[in-house]
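Let's take a walk through a protein model together. Have a look at the picture, turn it around a bit, and then read on.

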Amino acid sequence: MARSEASSRQVAAGAATVGVSGSGAGIGSLFGSLCIATARNPRLRTSFFTQALIGFALSEAMGLLALMMAFLLLFG
């Protein structure tokens, strides 16, 4: 493998991991908003929590896909 190809793979993998940090920020924002919404209207807690779990799953999936792309770029 050429030296420039190896370095470009490392740069691409580093750029792909930005999605992982975005996923972490999204999850933190999601559960922070859940706490605020529950404090404002405690009777809707189960509805809020169900929607928060769906949002958590989608956000986590995006983070895992970004991590998978980084590994594919690095080792593929």
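How far apart are the end C-alpha atoms of α2, and what span should its 23 residues have at 1.5 Å a residue? Before the answer, keep in mind that this is a predicted model.

**The helices and their spans**

For α2, the expected span is 33 Å, and the end C-alpha atoms are 33 Å apart, so the two values agree. You can try the same check on α3: its 31 residues should span 45 Å at 1.5 Å a residue, and its end C-alpha atoms sit 44 Å apart, which agrees. To find these helices in the picture, look for residues 18–40 for α2 and residues 45–75 for α3. Helix α1 covers residues 3–16.

**What is tucked away**

Now for the buried residues. In α2 they are S23, I27 and L34, and they pack against α3. Over in α3, the buried residues are A52, S59, G63, A66 and A70. Their cover includes α1 and α2.

S59 is a nice one to zoom in on. This residue of helix α3 has a relative accessibility of 17%, and because buried means under 20%, S59 counts as buried. Which residues does S59 touch, leaving out those up to four places away in sequence? The answer is S23, G26 and I27. Two names there may ring a bell: S23 and I27 are among the buried residues of α2.

Compare that with L53, which is also found in helix α3. L53 has a relative accessible area of 41%, so it is partly exposed. Its C-alpha atom is separated by 13 Å from that of G32, and the two residues are 21 residues apart along the chain.

**How α1 sits against α3**

Two packed helices are described by the angle between their axes and the distance between the axes. Here, the axes of α1 and α3 come within 8 Å and cross at roughly 175 degrees. That makes α1 roughly antiparallel to α3, because an angle over 145 degrees counts that way. On the α1 side, the contact is made by R9, Q10, A12, A13 and A16. On the α3 side, A66, M69, A70, L73, L74 and F75 take part. Sorted by class, this contact has 9 nonpolar, 1 polar and 1 charged residues.

**Aromatic pairs**

How many aromatic pairs does the model have? The count comes to 2 aromatic pairs. Here they are side by side:

| Pair | Centre to centre | Angle between planes | Type |
|---|---|---|---|
| F31 and F56 | 5.9 Å | 55 degrees | tilted |
| F71 and F75 | 6.2 Å | 25 degrees | stacked |

The pair of F31 and F56 links distant parts of the chain: F31 is in helix α2 and F56 is in helix α3, 25 residues apart. F31 has 29% relative accessibility and counts as partly exposed. F56 is partly exposed too, with a relative accessible area of 31%.

F71 and F75, on the other hand, both lie in helix α3, 4 residues apart, about one turn of the helix. Is F75 buried or exposed? At 65% relative accessibility, F75 counts as exposed, while F71 is partly exposed with a relative accessible area of 45%. And F75 has appeared before: it is one of the α3 residues in the contact with α1.

Definitions and conventions:
Residues numbered from 1 in each chain as written. Predicted model: local features only at pLDDT ≥ 70, side-chain atom pairs only at ≥ 80, totals over all residues. Heavy atoms only, no water. Phe/Tyr/Trp six-rings, centres within 6.5 Å; stacked < 30°, edge-to-face > 60°. Buried < 20%, exposed > 50% of the residue type's maximum accessible area, 1.4 Å probe, protein only. Expected span 1.5 Å × (residues − 1). Contact = heavy atoms within 4.5 Å. Axes fitted to C-alpha atoms, helices over the stretch in contact; angles between N-to-C directions. Parallel < 35°, antiparallel > 145°, perpendicular 65-115°, else oblique. Nonpolar A, V, L, I, M, F, W, Y, C, P; charged D, E, K, R; others polar.
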